[in-house]
Amino acid sequence: MKKAVLQNYQIQKLLPHRYPFQLVDQVIEYEKGKSIIAIKAVGIGEPAFQGHFPELPIFPGVLLTEAMGQTCGLLVQLSNQDWEQQQPINYKINSAKIGVFGEYKVKFFTPVVPGTLVYLHGELDWTMGSASCLKIKAYNGDTLFAKGTVTVAMIDKKKLIPQTETLTT
(Lines give C-alpha, C1' and ligand atoms only; values in the text may rest on other atoms or scores of the structure.)
Protein backbone atom coordinates (compact mmCIF):
# COMPACT_ATOMS: atom_id res chain seq x y z
CA MET A 1 0.00 0.00 0.00
CA LYS A 2 1.12 3.52 -0.74
CA LYS A 3 2.20 5.89 2.00
CA ALA A 4 -0.49 8.40 2.95
CA VAL A 5 -0.24 11.93 1.55
CA LEU A 6 -2.75 13.11 4.17
CA GLN A 7 -3.55 11.32 7.42
CA ASN A 8 -6.93 11.30 9.15
CA TYR A 9 -6.03 14.08 11.61
CA GLN A 10 -5.09 16.36 8.69
CA ILE A 11 -8.32 15.56 6.84
CA GLN A 12 -10.26 16.53 9.98
CA LYS A 13 -8.66 19.98 9.82
CA LEU A 14 -9.70 20.39 6.18
CA LEU A 15 -13.22 18.92 6.17
CA PRO A 16 -16.05 20.00 8.49
CA HIS A 17 -17.28 16.40 8.86
CA ARG A 18 -16.80 14.32 11.99
CA TYR A 19 -17.62 10.77 13.04
CA PRO A 20 -19.83 9.14 11.97
CA PHE A 21 -20.03 11.30 8.84
CA GLN A 22 -16.36 11.79 8.01
CA LEU A 23 -16.04 9.17 5.29
CA VAL A 24 -12.45 9.69 4.11
CA ASP A 25 -9.71 7.98 6.14
CA GLN A 26 -6.56 8.82 4.17
CA VAL A 27 -5.41 10.46 0.96
CA ILE A 28 -2.83 8.35 -0.87
CA GLU A 29 -2.41 10.30 -4.12
CA TYR A 30 -2.81 13.96 -4.96
CA GLU A 31 -1.96 15.96 -8.06
CA LYS A 32 -2.72 19.66 -7.67
CA GLY A 33 -5.61 20.77 -9.84
CA LYS A 34 -5.95 17.36 -11.44
CA SER A 35 -6.76 14.32 -9.31
CA ILE A 36 -6.91 12.68 -5.91
CA ILE A 37 -7.22 9.15 -4.53
CA ALA A 38 -8.42 8.59 -0.99
CA ILE A 39 -9.30 5.51 1.06
CA LYS A 40 -12.39 4.60 3.05
CA ALA A 41 -12.06 1.46 5.17
CA VAL A 42 -15.56 0.02 5.53
CA GLY A 43 -15.86 -2.01 8.72
CA ILE A 44 -18.76 -3.88 10.31
CA GLY A 45 -18.88 -1.19 13.02
CA GLU A 46 -20.25 1.43 10.58
CA PRO A 47 -23.41 2.92 12.14
CA ALA A 48 -25.33 2.48 8.86
CA PHE A 49 -25.05 -1.32 9.10
CA GLN A 50 -27.36 -1.35 12.13
CA GLY A 51 -30.27 -0.74 9.80
CA HIS A 52 -28.96 -1.24 6.24
CA PHE A 53 -29.41 -4.26 6.33
CA PRO A 54 -28.71 -6.18 9.57
CA GLU A 55 -29.04 -9.60 7.90
CA LEU A 56 -27.08 -8.59 4.78
CA PRO A 57 -25.01 -5.45 5.51
CA ILE A 58 -24.50 -3.27 2.44
CA PHE A 59 -22.85 0.16 2.67
CA PRO A 60 -25.49 2.68 1.51
CA GLY A 61 -24.93 4.18 -1.94
CA VAL A 62 -25.71 7.64 -0.62
CA LEU A 63 -22.81 7.31 1.86
CA LEU A 64 -20.51 6.04 -0.88
CA THR A 65 -21.51 9.08 -2.95
CA GLU A 66 -20.82 11.33 0.05
CA ALA A 67 -17.37 9.73 0.49
CA MET A 68 -16.54 10.48 -3.15
CA GLY A 69 -17.84 14.03 -2.67
CA GLN A 70 -15.70 14.57 0.43
CA THR A 71 -12.69 13.33 -1.54
CA CYS A 72 -13.46 15.84 -4.30
CA GLY A 73 -13.89 18.59 -1.71
CA LEU A 74 -10.36 17.86 -0.51
CA LEU A 75 -8.99 18.10 -4.07
CA VAL A 76 -10.74 21.43 -4.70
CA GLN A 77 -9.75 22.89 -1.35
CA LEU A 78 -6.08 21.86 -1.60
CA SER A 79 -5.84 23.00 -5.22
CA ASN A 80 -7.43 26.37 -4.39
CA GLN A 81 -4.71 27.03 -1.85
CA ASP A 82 -2.05 25.93 -4.36
CA TRP A 83 -0.85 23.15 -2.03
CA GLU A 84 1.88 20.77 -3.13
CA GLN A 85 2.84 17.58 -1.33
CA GLN A 86 5.49 17.98 1.36
CA GLN A 87 4.43 21.61 1.95
CA PRO A 88 2.70 22.73 5.15
CA ILE A 89 -1.08 22.99 4.77
CA ASN A 90 -2.75 26.31 5.51
CA TYR A 91 -5.76 25.01 7.46
CA LYS A 92 -7.18 28.51 7.96
CA ILE A 93 -7.29 29.57 4.31
CA ASN A 94 -10.77 28.17 3.64
CA SER A 95 -12.13 28.28 7.19
CA ALA A 96 -14.90 30.68 6.11
CA LYS A 97 -15.95 28.44 3.19
CA ILE A 98 -17.47 24.99 2.95
CA GLY A 99 -17.77 22.61 0.01
CA VAL A 100 -21.32 21.58 -0.88
CA PHE A 101 -22.84 19.37 -3.57
CA GLY A 102 -24.31 21.22 -6.50
CA GLU A 103 -25.24 18.13 -8.46
CA TYR A 104 -24.25 14.51 -8.64
CA LYS A 105 -24.90 11.66 -11.05
CA VAL A 106 -23.73 8.24 -9.88
CA LYS A 107 -24.24 4.69 -11.14
CA PHE A 108 -23.70 1.75 -8.80
CA PHE A 109 -22.26 -1.56 -9.92
CA THR A 110 -21.12 -3.74 -7.00
CA PRO A 111 -22.30 -3.50 -3.37
CA VAL A 112 -19.75 -2.49 -0.74
CA VAL A 113 -19.78 -4.90 2.21
CA PRO A 114 -17.99 -4.88 5.57
CA GLY A 115 -14.26 -5.55 5.32
CA THR A 116 -13.84 -3.62 2.06
CA LEU A 117 -11.10 -1.09 1.44
CA VAL A 118 -12.64 1.41 -0.97
CA TYR A 119 -10.47 3.62 -3.16
CA LEU A 120 -12.12 6.96 -3.90
CA HIS A 121 -10.90 8.67 -7.06
CA GLY A 122 -11.71 12.23 -8.11
CA GLU A 123 -10.51 13.85 -11.32
CA LEU A 124 -11.13 17.52 -12.09
CA ASP A 125 -13.18 17.99 -15.27
CA TRP A 126 -13.85 21.75 -15.16
CA THR A 127 -13.92 24.76 -12.86
CA MET A 128 -16.07 27.87 -13.22
CA GLY A 129 -15.90 30.44 -10.45
CA SER A 130 -16.35 28.65 -7.13
CA ALA A 131 -17.87 25.52 -8.72
CA SER A 132 -15.93 22.50 -9.94
CA CYS A 133 -17.14 19.37 -11.72
CA LEU A 134 -15.24 16.16 -11.09
CA LYS A 135 -15.35 12.63 -12.47
CA ILE A 136 -15.61 10.19 -9.58
CA LYS A 137 -15.31 6.49 -8.99
CA ALA A 138 -15.12 4.07 -6.08
CA TYR A 139 -13.25 0.84 -6.64
CA ASN A 140 -10.85 -1.78 -5.31
CA GLY A 141 -8.59 -3.39 -7.89
CA ASP A 142 -10.77 -4.57 -10.78
CA THR A 143 -13.98 -4.23 -8.76
CA LEU A 144 -15.93 -1.07 -9.61
CA PHE A 145 -18.44 -0.07 -6.94
CA ALA A 146 -19.67 3.22 -8.43
CA LYS A 147 -18.78 5.96 -10.88
CA GLY A 148 -20.18 9.26 -12.08
CA THR A 149 -19.76 13.00 -11.74
CA VAL A 150 -20.18 15.48 -8.92
CA THR A 151 -20.29 19.27 -8.88
CA VAL A 152 -18.83 20.82 -5.75
CA ALA A 153 -19.12 24.51 -4.90
CA MET A 154 -17.10 26.33 -2.25
CA ILE A 155 -19.48 28.78 -0.58
CA ASP A 156 -19.35 31.09 2.42
CA LYS A 157 -20.51 29.32 5.58
CA LYS A 158 -22.52 32.41 6.50
CA LYS A 159 -24.73 31.84 3.44
CA LEU A 160 -25.81 28.49 4.88
CA ILE A 161 -27.09 29.97 8.12
CA PRO A 162 -30.78 30.73 7.69
CA GLN A 163 -31.86 34.26 8.48
CA THR A 164 -34.36 34.00 11.31
CA GLU A 165 -37.19 36.33 12.08
CA THR A 166 -38.13 37.28 15.58
CA LEU A 167 -41.65 36.17 16.34
CA THR A 168 -43.72 38.57 18.35
CA THR A 169 -46.90 37.72 20.19
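Helices and strands are named here as DSSP runs numbered from the N terminus, a helix having at least four residues and a strand at least two. The legends below describe a predicted model.

**View 1. Aspartate 82 and glutamine 86 in the loop between H2 and E3.** Aspartate 82 belongs to the loop that runs between H2 and strand E3 (97-108), and its phi is near 60 degrees, which is a positive value in a residue other than glycine. With a relative accessibility of 48%, aspartate 82 counts as partly exposed. Glutamine 86 is found in the loop between H2 and E3 as well, and although glutamine 86 is not a glycine, its phi is positive at about 75 degrees. The relative accessible area of glutamine 86 is 77%, so this residue is exposed.

**View 2. The open sheet of six strands.** The six strands follow one another in the order E1-E2-E4-E5-E6-E3, and their pairing is antiparallel. E1 and E3 stand at the edges with a single partner strand each, so that one side of each has no neighbour in the sheet. Ignoring direction, neighbouring strands of this sheet are turned against each other by 25 degrees on average. Within the sheet, E2 and E4 are paired in the antiparallel sense over eight bridges, and serine 35 stands opposite glutamate 123 in E4.

**View 3. The stacked rings of tyrosine 119 and tyrosine 139.** A search of the whole structure finds four aromatic pairs. In one of them, the rings of phenylalanine 101 and tyrosine 104 have centres 5.1 Å apart and planes at 45 degrees, so this pair is tilted. Phenylalanine 101 is partly exposed at 31% relative accessibility, and tyrosine 104 is likewise partly exposed, with a relative accessible area of 45%. The rings of tyrosine 119 and tyrosine 139 have centres 5.7 Å apart and planes at 25 degrees, so that pair counts as stacked. The stacked pair links distant parts of the chain, for tyrosine 119 lies in strand E4 (residues 116-128) and tyrosine 139 in strand E5 (residues 131-140), 20 residues apart. Both tyrosine 119 and tyrosine 139 are buried, and lysine 137 lies over the face of tyrosine 139, at 5.0 Å from the ring centre.

**View 4. Two cis peptide bonds in loops.** Tyrosine 19 and proline 20 are joined by a cis peptide bond, for which omega is about 5 degrees. Proline 20 lies in the loop between helix H1 (8-14) and strand E1 (26-31). Another cis peptide bond joins histidine 52 and phenylalanine 53, here with an omega of about -15 degrees, and phenylalanine 53 has its place in the loop between strand E2 (35-42) and helix H2 (61-80).

**View 5. Cysteine 72 and cysteine 133, without a bond between their sulfurs.** The structure holds zero disulfides. The closest cysteine sulfur to that of cysteine 72 belongs to cysteine 133, and because it is 8.9 Å away, it is too far for a bond; a disulfide would need the two sulfur atoms within 2.5 Å. Cysteine 72 counts as buried at 0% relative accessibility, and cysteine 133 is buried too, with a relative accessible area of 8%.

Technical notes: Residues numbered from 1 in each chain as written. Predicted model: local features only at pLDDT ≥ 70, side-chain atom pairs only at ≥ 80, totals over all residues. Heavy atoms only, no water. Phe/Tyr/Trp six-rings, centres within 6.5 Å; stacked < 30°, edge-to-face > 60°. Buried < 20%, exposed > 50% of the residue type's maximum accessible area, 1.4 Å probe, protein only. Lys NZ or Arg CZ within 6 Å of the ring centre and 35° of its normal. Pairing = 2+ DSSP bridges. Axes fitted to C-alpha atoms, helices over the stretch in contact; angles between N-to-C directions.
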